[in-house]
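Got your viewer open and your selection tool ready? Here's a walk through some empty spaces and a couple of helix pairs.

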Amino acid sequence: QTPPSAVMGGSYVGMACLLSFVLGGNMFNSYITQMVVFAALFPVNLLLILQSGGQLFSQNSATMAMGVLEKKVTMKDLLRNWTIAYAGNMLGCLLISLVANYTGILTGGASDMIVATVMKKCSSDFGPTLVKGVMCNWLICLAVWLCTMARGLGGKMIGAWFPISMFVAVGFEHSVTNMFILPAGLLAGAPVSFLDVLLKNLIPVTIGNAIAGALVVAVSMSFSFGRLGKERN
């Protein structure tokens with residue numbers, strides 16, 4: 001079990017270096033400054049979800065896959081859960097984006113920022129966007145893991161804060177987050193089509209998030225702490 005654990009250790013160091021260079025090298029870029037503020041505030045969502053019993057497709061991509069690997073649930077259970085969680089997350093995000101548009105909350109600088117964010121998210125090719133999805137959900141699943149390990153609310157806050165703020169600040173892609181940002185950006189007047197939103201972002205990001213949860217996180221955790229590791233030994 002040492003080789004995969006060592007790979008994970010090196011990967012985490014690399015992610016921290018990436019975060020430091022992205023922020024340090026763009027310290028005086030106005031867009032990066034905005035994203036740092038976004039990254040500082042955004043982790044509250046995971047705390048609300050975990051403490052209130054909410055579910056995320058990205059989180060479930062790992063937990064349900066681990067259940068399959070540990071023979072606690074079936075593939076049918078996994079596919080059903082993923083489908084319901086994805087549809088529910090989409091509905092919730094669309095609802096809030098419509099509320100924001102109807103109430104006029106996203107105006108002025110907020111409108112400019114979300115339009116710029118949508119343009120940036122739809123500007124990459126399929127492959128790089130998919131990989132950003134993999135990296136993002138790797139960090140999200142780690143945040144969930146850390147929150148689960150912590151007993152008190154303070155520990156859970158810290159566990160959620162740093163991995164989530166890291167993925168935002170570096171620029172990785174989260175399918176559920178984008179379920180709000182992309183529709184809200186379209187409603188704010190972002191010059192992209194619905195097809196661009198699907199093909200250039202939401203589809204590759206969703207695939208990347210699923211790969212991270214089911215393979216990168218679930219398989220590695222089962223190998224390190226569960227049935228896969230025991231069977232090998």
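**Pockets, a cavity and two helix pairs**

Begin with the second largest pocket, which has a volume of about 350 Å³. Keep in mind as you go that you're looking at a predicted model.

To find this pocket, select Y31, M35, K120, V168 and G171, the residues nearest its centre among the 22 that line it. Then colour the helices around them: α2, α6, α7 (126–149), α8 (153–170) and α9 each put at least two residues into the lining of the second largest pocket. Which classes of residue turn up in that lining? Colour by class and you'll get twelve nonpolar, six polar and four charged residues.

Next stop, the largest pocket, with about 710 Å³ of space. Centre your view on F38, F42, T177, F180 and I181, the closest to the middle of this pocket out of 24 lining residues. For the surroundings, show α2 (30–41), α3 (44–52), α5 (75–103), α6 (109–121) and α9 (175–187), each of which supplies at least two residues of the lining of the largest pocket. Which helix gives the most to this lining? Highlight α5, which contributes five residues. Switch your class colours back on here: the lining of the largest pocket has 16 nonpolar and eight polar residues, and no charged ones.

Now for a space with no way out for the probe. How many cavities of 30 Å³ or more are there? The count comes to one, and the largest cavity holds about 30 Å³ of space. Select F42, N45, L46, L56, I140, I164, F167 and H174 to see what lines the largest cavity. Two elements, α3 and α8, give two or more residues to that lining. By class, the lining of the largest cavity comes to six nonpolar and two polar residues, with no charged ones. While you have F42 selected, recall that F42 is also among the residues closest to the centre of the largest pocket.

Hide the spaces and bring up α2 and α8 on their own. Their axes are 8 Å apart and the helices pack at an angle of about 155°. With anything over 145 degrees counting as roughly antiparallel, α2 and α8 are therefore roughly antiparallel to each other. Turn the view to look through the pair, and you'll have α2 passing α8 in a right-handed crossing. For the contact, show side chains for M35, F38, A39 and A40 on α2, then W161, S165, V168 and A169 on α8. That contact has seven nonpolar residues, one polar and no charged. M35 and V168 should look familiar: both are among the residues nearest the centre of the second largest pocket.

Last stop: select helix α4 (residues 57–69) and helix α10 (residues 194–225). These two pack at an angle of about 40°, again with axes 8 Å apart. Parallel or oblique? That angle makes α4 oblique to α10. As for handedness, α4 passes α10 in a right-handed crossing. On the α4 side, pick F57, S61, A62, A65, M66 and L69; on α10, pick T206, N209, A210, G213, A214, V217, A218, V219, M221 and S222. One more pass with the class colours gives eleven nonpolar, five polar and no charged residues in the contact of α4 with α10.

Conventions:
Residues are numbered from 1 along each chain as its sequence is written. This is a predicted model: local features need pLDDT of at least 70, side-chain atom pairs count only at pLDDT 80 or more; totals for chains, interfaces and linings use all residues. Side-chain values use heavy atoms; hydrogens and water are left out. On a 1 Å grid over the protein atoms alone, a cavity is a set of points where a 1.4 Å probe fits but cannot get out, and a pocket is an open set with protein on both sides within 12 Å along at least five of seven lines; lining residues have an atom within 4 Å of a point. Grid points are joined across faces, edges and corners, and a volume is the space filled by probe spheres set on the points. Helices (H or I, at least four residues) and strands (E, at least two) are DSSP runs, numbered from the N terminus. Ala, Val, Leu, Ile, Met, Phe, Trp, Tyr, Cys and Pro count as nonpolar, Asp, Glu, Lys and Arg as charged, and the others, Gly among them, as polar. Axes are lines fitted to C-alpha atoms, for helices over the stretch in contact, and angles run from 0 to 180 degrees between N-to-C directions. Angles under 35 degrees count as roughly parallel, over 145 as roughly antiparallel, 65 to 115 as roughly perpendicular and the rest as oblique. A crossing is left-handed if the near helix is turned anticlockwise from the far one by less than a right angle, and right-handed if clockwise. Contact means heavy atoms within 4.5 Å.
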